[in-house]
Amino acid sequence: MSWAVRRRAAFLVGSTALLALALGGCAEQLGLPDSPTEQGGTVGDVFDLYLVAAWVVGAIVVGLIALVVVRDRASRRRGPTSQRHHNTPLEIAYTLIPLLLVGALTVVTIVTIDRVASDEPDPDVVVDVEGYQWGWRFTYVDQGVVVDTHDTGDPELVLPAPARIRFDVHSDDVIHSFWVPAFRFKRDLIPGTPTSFTVDTNELGVFDGKCAEYCGLLHTQMTFTARTVSPGDFDAWAADQGSEGP
Amino acid sequence: MTTAPERPIAELPPERPEARGTNPGIVGWLTTTDHKRIGILYGVTSLTMAFIGFLLSMVIRAELARPDTQIVDYDTYNQVFTMHGTVMVYLFAVPFAFAVGNYLVPLMVGAPDMAFPRLNMVSYWLYLSGGLVVLSGFLANTGAADFGWFAYPPYAGQTGSPGIGGDLWLVGLLLTGASGILTALNIATTVVMLRAPGMTMFRMPILVWDLLLTCFMVLIAFPVLTSAQLMLLADRRFGAQFFVPSGGGLPILWQHLFWFFGHPEVYIVALPYFGIVTEIIPVFSRRPVFGYKGLVLATIAIAGLSTAVWAHHMFVTGDVYLPYFAVTTALIAVPTGIKFFDWIGSMWGGKLVFPPPMLFAVGFLVTFLLGGLTGVILSSPTLDFSLSDTYFVVAHLHYVMGGTVVFAVFAAIYFWWPKVTGRMLDQRLGRWHFWLLVIGFNTTFLVMHRSGLEGMPRRVGDYQASAPYAAENLISSIGAGLIALSMIPFVWALLRSWRRPDRVGDDPWGAYTLEWITTSPPPEHNFDWMPPIRSERPAFDWRYREEEGVGALGPEDPWRRRARHDASWRPFHAWVESDERAGDSGPPKAPPDEDGSDP
């Protein structure tokens with residue numbers, strides 16, 4: 001091998017290794033943070049499925065590209081080049097196989113949509129969430145408790161677990177988005193378009209919450225904390241808030 | 001079409017006429033109607049915009065490199081990310097595609113110029129002035145627009161963001177939108193009406209197909225954006241209430257209108273660049289493009305589907321019918337997959353060489369693959385509830401709209417530079433450029449997937465030191481530095497080509513399409529003679545016209561077979577015997593060099 005060929009080969013091997021390393025380095029850590037909700041668990045399962053499918057398809061396609069780039073280099077081939085410009089059965093095959101694959105994945109998605117984005121009529125707790133520039137007002141409808149960024153600074157959203165909790169979200173100024181990354185769910189708060197969603201908590205913990213839709217100057221600081229507590233602790237907390245609240 | 005009058009395409013005019021009425025210097029450039037000059041104007045302007053957008057992204061990466069630092073304040077940061085997205089999407093990615101379209105479409109279909117040369121220059125003026133108006137927001141006392149590149153009201157309305165920068169943003173983009181509509185009309189008309197005899201629809205280069213369909217998408221999508229922007233401007237300045245909830249307006253209406261533009265826009269930005277790599281890969285594989293008709297049908301499918309997927313940007317609003325948009329969005333993966341396999345098929349069994357254009361084209365494939373795979377993940381509403389508006393989306397969109405565009409842009413520059421200037425760009429520097437860019441790009445954006453999964457939202461100017469994604473952000477910022485570094489060999493190669501030109505012939509690559517038949521740079525009206533056009537590779541056919549079974553020329557079997565095959569695809573592929581024979585006499589000067597590479 002000439003020096004130039006060897007150098008090119010080294011480049012190729014090096015780049016492939018680097019890419020594999022980069023992808024691999026990502027792989028062992030890829031995945032969503034632990035979720036304290038049932039909906040989050042479903043999202044995690046679907047995510048794993050999609051991720052595996054993406055890895056398999058990605059590996060096949062990268063493999064084909066790597067194979068052809070290494071095998072069919074001009075320096076390694078003699079004689080005339082095939083001028084074949086179509087292969088109808090093959091083309092139909094690589095239309096139908098991806099169609100079946102995305103079809104299967106989409107079926108999985110469609111049957112899980114309602115499970116993660118449901119709107120329960122009869123929850124244990126209803127929290128009315130209002131976003132404003134730049135803070136949150138959480139109103140516990142049945143308990144009569146209000147937690148507001150204006151009063152407390154970074155507000156704490158206390159939730160019982162296990163429990164079924166419905167969030168009624170709305171905004172009056174600009175669009176915000178209510179997001180607890182650990183719930184694996186977010187919902188935009190759009191003026192004029194109030195919506196609801198339900199979460200089934202099943203674990204105790206403390207989780208970051210933030211605004212996910214850009215809403216102006218202090219969007220970055222529009223954070224809150226979600227804390228799940230046992231139902232008994234929740235009732236005690238609500239009573240405590242009610243007694244000292246306005 | 002085939003009814004075009006016969007032109008004396010085979011005869012060299014006695015003397016090439018002087019360029020008529022072309023003023024020298026800057027006046028000449030700003031008053032020209034020559035599609036090649038306008039193409040160069042578009043190219044230079046859009047690359048300047050890319051440079052500005054890139055500088056803005058450097059501010060973002062500097063700000064986010066470490067937690068709790070304030071290199072710029074929140075207000076400036078919001079303007080910076082807004083203008084970064086605006087400049088890159090509206091003022092770089094689309095106009096560069098128009099640069100390619102302007103320069104290459106007439107050459108590739110064998111036309112002397114665009115269908116409407118003066119309108120073409122008007123488009124450029126509108127683009128330039130619109131771009132300057134958008135950027136002039138930085139000179140306003142309240143700063144540039146700060147509502148993100150998709151400008152959601154009510155924040156983008158009068159109460160949320162009252163500064164003049166927002167109005168300049170709207171007015172500027174109204175101008176560039178009008179420019180895009182005019183250019184799309186122009187390119188589409190050129191492709192439909194001005195093809196040379198023999199250049200049937202199904203013999204057009206794939207790039208021309210991709211640009212044609214892009215133009216149709218522009219004609220569908222841009223008027224919607226322009227109307228919506230007028231409505232928003234009326235809200236801001238004239239007291240209209242289209243998007244003001246207290247006045248009975250609906251903020252979510254903007255999202256529907258915007259994304260009805262916005263999703264075709266993603267493919268408007270993608271298809272021309274798909275076309276560029278589809279032209280480059282076969283040339284350096286010494287193969288014809290594989291699955292030509294499949295590629296065209298896939299492109300049509302993408303263009304059609306792209307108008308039916310807009311609300312997948314709105315899954316988290318809770319106000320769209322999720323299953324429909326989940327299905328249409330996932331379906332786009334199928335024609336995109338066809339393209340992938342056709343690109344691989346074009347390399348399969350070829351003799352691959354790797355000068356810089358081919359390196360960038362293969363880099364495009366891998367980059368786009370990653371973006372495509374995360375696109376399938378994001379197409380699922382179940383997952384999008386978690387991933388929307390996070391850095392996972394930022395990573396995804398920079399792979400599909402950033403990386404692919406950038407790799408294809410550089411592939412195009414290295415590939416067509418000899419055609420535009422008659423000079424080669426240094427190949428060694430090109431390789432350095434490529435590898436630095438590959439490393440820098442992936443260092444920057446690969447880790448962003450993880451930042452997003454760990455809960456980093458988009459469009460934040462800061463994060464806490466305790467955030468799980470602090471390290472990822474530092475890595476990203478280092479990668480951005482590497483991308484900046486990768487531009488050094490590129491600029492060096494440009495300077496070298498200017499100061500110490502490496503002059504090459506008309507067709508240094510042994511390429512396939514018509515533009516390589518003419519001189520480098522091409523004469524004023526492009527062609528002094530034209531070879532017969534019997535396939536999508538007229539230059540290749542001409543070069544190997546003596547080789548049995550390789551070039552499609554001659555009355556022999558290969559051509560007959562091909563003609564029958566083509567005729568079965570009417571009307572896309574209508575051809576007429578007399579047109580086929582029209583160019584047979586060949587050039588009256590010496591035939592092109594035969595000492596290129598072997599078939």
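How many residues does the contact take from chain A, and how many from chain B? I looked this up before anything else. The model is a predicted one. The contact takes 73 residues from chain A and 75 residues from chain B.

**Entry: the chain A side of the contact**

I listed the elements that give two or more residues to the side of chain A that touches chain B. Three are helices of chain A: H1 (3–27), H2 (38–71) and H3 (88–116). Three are strands of chain A: E7 (185–189), E8 (195–201) and E9 (205–211). I then sorted the residues of this side by type. I got 41 nonpolar, 20 polar and 12 charged.

**Entry: chain A as a whole**

I counted 5 helices and 10 strands in chain A. The chain has 246 residues, and 34% of them are buried. I also checked sequence separation. Among contacts in chain A with a separation of 6 or more, 70% link residues 24 or more positions apart.

**Entry: the sheet in chain A**

I traced an open sheet of 5 strands in chain A, in the order E3-E2-E1-E5-E8. Its pairing is mixed. Strand E3 (145–148) and E8 of chain A stand at the edges. Each has a single partner strand, so one side of each is left without a neighbour in the sheet. Ignoring direction, I find neighbouring strands of this sheet turned by 20° against each other on average.

I looked closer at one pair. Strand E1 (125–132) and strand E2 (135–140) of chain A pair in the antiparallel sense, over 6 bridges. For A:Val127 I noted the bridge partner in E2(A), which is A:Tyr140.

**Entry: cis peptide bonds**

I noted a cis peptide bond from A:Ala161 to A:Pro162, with omega near 0°. A:Pro162 is in the loop between strand E4 (156–160) and strand E5 (163–171) of chain A.

In chain B, I noted a cis peptide bond joining B:Pro153 and B:Pro154. Omega is about 5° there. B:Pro154 is in the loop between helix H4 (117–135) and helix H5 (164–193) of chain B.

**Entry: positive phi in chain B**

I checked two Asp residues. B:Asp68 has a positive phi of about 60°, although it is not a glycine. B:Asp68 sits in the loop between helix H2 (35–65) and helix H3 (74–109) of chain B. B:Asp389 is also not a glycine, and its phi is positive, near 60°. Its place is the loop between helix H12 (381–387) and helix H13 (391–421) of chain B.

Is each of them buried or exposed? B:Asp68 has 9 C-beta neighbours inside 10 Å, so it counts as exposed. B:Asp389 has 21 other C-beta atoms within 10 Å, so it is buried.

**Entry: helix H8 of chain B**

I tested the length of helix H8 (292–305) of chain B. At 1.5 Å a residue, its 14 residues should span 20 Å. Its end C-alpha atoms are 20 Å apart, so the two values agree.

Next I listed the buried residues of H8(B). They are B:Tyr292, B:Gly294, B:Leu295, B:Val296, B:Ala298, B:Thr299, B:Ile302, B:Ala303 and B:Leu305. What do the buried residues of H8(B) pack against? In chain B, I found helix H6 (206–238), helix H7 (251–285), helix H9 (322–331) and helix H10 (333–347). H3 of chain A is a partner too. That same H3 of chain A is listed on the side that touches chain B.

**Entry: domains of chain B**

I noted the division of chain B into domain 1 (25–244 + 251–499) and domain 2 (529–582). Their C-alpha centres lie 36 Å apart.

Note on methods: Residues are numbered from 1 along each chain as its sequence is written. Chains are lettered from A and ligands numbered from 1 in the order in which they are written. This is a predicted model: local features need pLDDT of at least 70, side-chain atom pairs count only at pLDDT 80 or more; totals for chains, interfaces and linings use all residues. Two residues are in contact if their C-beta atoms, placed from the backbone, lie within 7 Å. Helices (H or I, at least four residues) and strands (E, at least two) are DSSP runs, numbered from the N terminus. Ala, Val, Leu, Ile, Met, Phe, Trp, Tyr, Cys and Pro count as nonpolar, Asp, Glu, Lys and Arg as charged, and the others, Gly among them, as polar. A residue is buried if 20 or more other C-beta atoms lie within 10 Å of its own, exposed if 12 or fewer, and partly exposed in between; C-beta atoms are placed from the backbone. The expected span of a helix is 1.5 Å times one less than its number of residues. Domain bounds come from an automatic or database domain assignment. Two strands pair if DSSP finds at least two bridges between them. Axes are lines fitted to C-alpha atoms, for helices over the stretch in contact, and angles run from 0 to 180 degrees between N-to-C directions.
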